[in-house]
Amino acid sequence: MVSLQTSELSVLIPVKNLEKEIARIFSACVEQTKEVDAEYIFVDMGSSDKTVLEAVTLLKDTGLHGFVIQNGDSTVPAALNTAVQRAEGKYLIFLFARRLYSGFLTQYLQSAEHFEADAVLGCFTKDEVRAAERRAISSAIRQPSGAHLVREILRGKVGVDLAAFLVRRDFLLSKQISFDENCSFGYAGEFLLCSLLRAGRVIQSPVLLRRNESCELKRGKTG
């Protein structure tokens, strides 16, 4: 079990019209965080169904620490900015209904604590995992800088996804890094690149990322 203080982790969950799916999506999140004392922040973006009530009920029925914010008819980046400001955890992760990953969080937290990292990402290939394992066990092998990782990402050599990205909250606040609320589709990429470029230490945790497709939202894409 990972030894963490209360609300060492904040899980930020933007939601809209997920009344029927939210329980399944949240269960996937709870499965990952069952060994962590975390807080769960749902940010509703103007749902017209009972999503807010369902989120409140889930927190009450599970006895987990968290709350629901009604952010009005807002965009995902606006919802995430609100959640970052309200979060109390040392580290933040972002939960998206359409892109759920499993089995990475415990290793991410261990990597973050061990290396005192500002940000942690995972691996999409076995070669990345092997390289990350070598760096993790040998201090003689230098960890790649954020700038190096950005170059590798832009070259298609390393993958990164906001849905499997851990970041230290105080780092974001001190560097004034936020989501661009005027950027409806590229906000995730911009946020990731800004975070990696400005981080003092970035760690690629030796975790092979796997999608939890059985719990993901399968509804057709919105505009």
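Contact, throughout these exercises, means heavy atoms within 4.5 Å. The model is a predicted one, in which local features need pLDDT of at least 70 and side-chain atom pairs count only at pLDDT 80 or more, while totals for chains, interfaces and linings use all residues. Residues are numbered from 1 along each chain as its sequence is written, and side-chain values use heavy atoms, with hydrogens and water left out.

**Exercise 1. Find which residues Ala199 touches, leaving out residues up to four places away in sequence, and state where Ala199 is placed.**

Step one concerns the place: Ala199 sits in the loop between α8 and β8, where helices (H or I, at least four residues) and strands (E, at least two) are DSSP runs, numbered from the N terminus.
Step two is the list of partners, which consists of Asp118 and Phe171 once residues up to four places away in sequence are not counted.
Step three is accessibility: Ala199 counts as buried at 13%, given that buried means under 20% relative accessible area, exposed over 50%, and partly exposed in between (1.4 Å probe, protein chains only).
Step four sets a distance beside these contacts, since Ala199 and His65, 134 residues apart in sequence, are 29 Å apart in space, C-alpha to C-alpha.
Gly200 lies in the loop between α8 (187-198) and β8, but Gly200 is exposed, with a relative accessible area of 71%; its C-alpha is 8.8 Å from that of Ala119, although the two residues are 81 apart in sequence.

**Exercise 2. Determine which residues of helix α5 are buried and which are exposed, and how the buried ones are arranged about the axis.**

Begin with the helix itself: α5 covers residues 126-137, has 12 residues, and reaches 17 Å from its first C-alpha to its last, close to the 16 Å expected at 1.5 Å a residue, the expected span being 1.5 Å times one less than the number of residues.
The buried residues of α5 are Glu128, Val129, Ala132 and Arg135.
Viewed down the axis of α5, these buried residues fall within an arc of 125 degrees, so they line one face of the helix; the arc is that of the directions from the helix axis to the C-beta atoms.
On the other side of α5, the exposed residues are Lys126, Asp127 and Ile137.
Finally, the cover over the buried residues of α5 includes β6 (119-123) and β8 (202-208).

**Exercise 3. Describe the surroundings of Ser111 and the backbone of Glu116.**

Ser111 lies in helix α4 (residues 105-115) and counts as buried at 4% relative accessibility.
With neighbours within four places in sequence set aside, Ser111 is in contact with Glu116, Val120, Ile203, Ser205 and Pro206.
Of these partners, Glu116 is placed in the loop between α4 and β6 and is exposed, with a relative accessible area of 68%.
The phi of Glu116 is near 50 degrees, a positive value in a residue other than glycine.
A phi near 50 degrees is also found at Asn17, which is placed in the loop between β1 and α1 (22-33) and counts as partly exposed at 23% relative accessibility.

**Exercise 4. Identify the residues with the most contacts inside the largest nonpolar core, and then list what Phe94 touches.**

A nonpolar core is a set of buried Ala, Val, Leu, Ile, Met, Phe, Trp, Tyr and Cys residues joined through side-chain atoms within 4.5 Å.
The largest such core has 72 residues, and those with the most contacts inside it are Leu9, Leu12, Phe94, Leu162, Phe165 and Leu166.
Phe94 touches Leu12, Leu80, Leu162, Ala163, Phe165, Val167, Phe179 and Phe191, again without residues up to four places away in sequence.
Leu80, one of those partners, is among the buried residues of helix α3 (residues 76-86), and the buried residues of α3 pack against β1 (9-15), β2 (38-44), β4 (91-94), α7 (169-174) and α8.

**Exercise 5. Establish how many disulfides the structure holds, and place Cys29 relative to the nearest cysteine sulfur.**

The count is 0 disulfides, where a disulfide is a pair of cysteine sulfur atoms within 2.5 Å.
Cys29 is in no disulfide, the nearest cysteine sulfur being that of Cys215, 11 Å away.
Cys29 is buried, with a relative accessible area of 5%, and Cys123 is buried with a relative accessible area of 0%.
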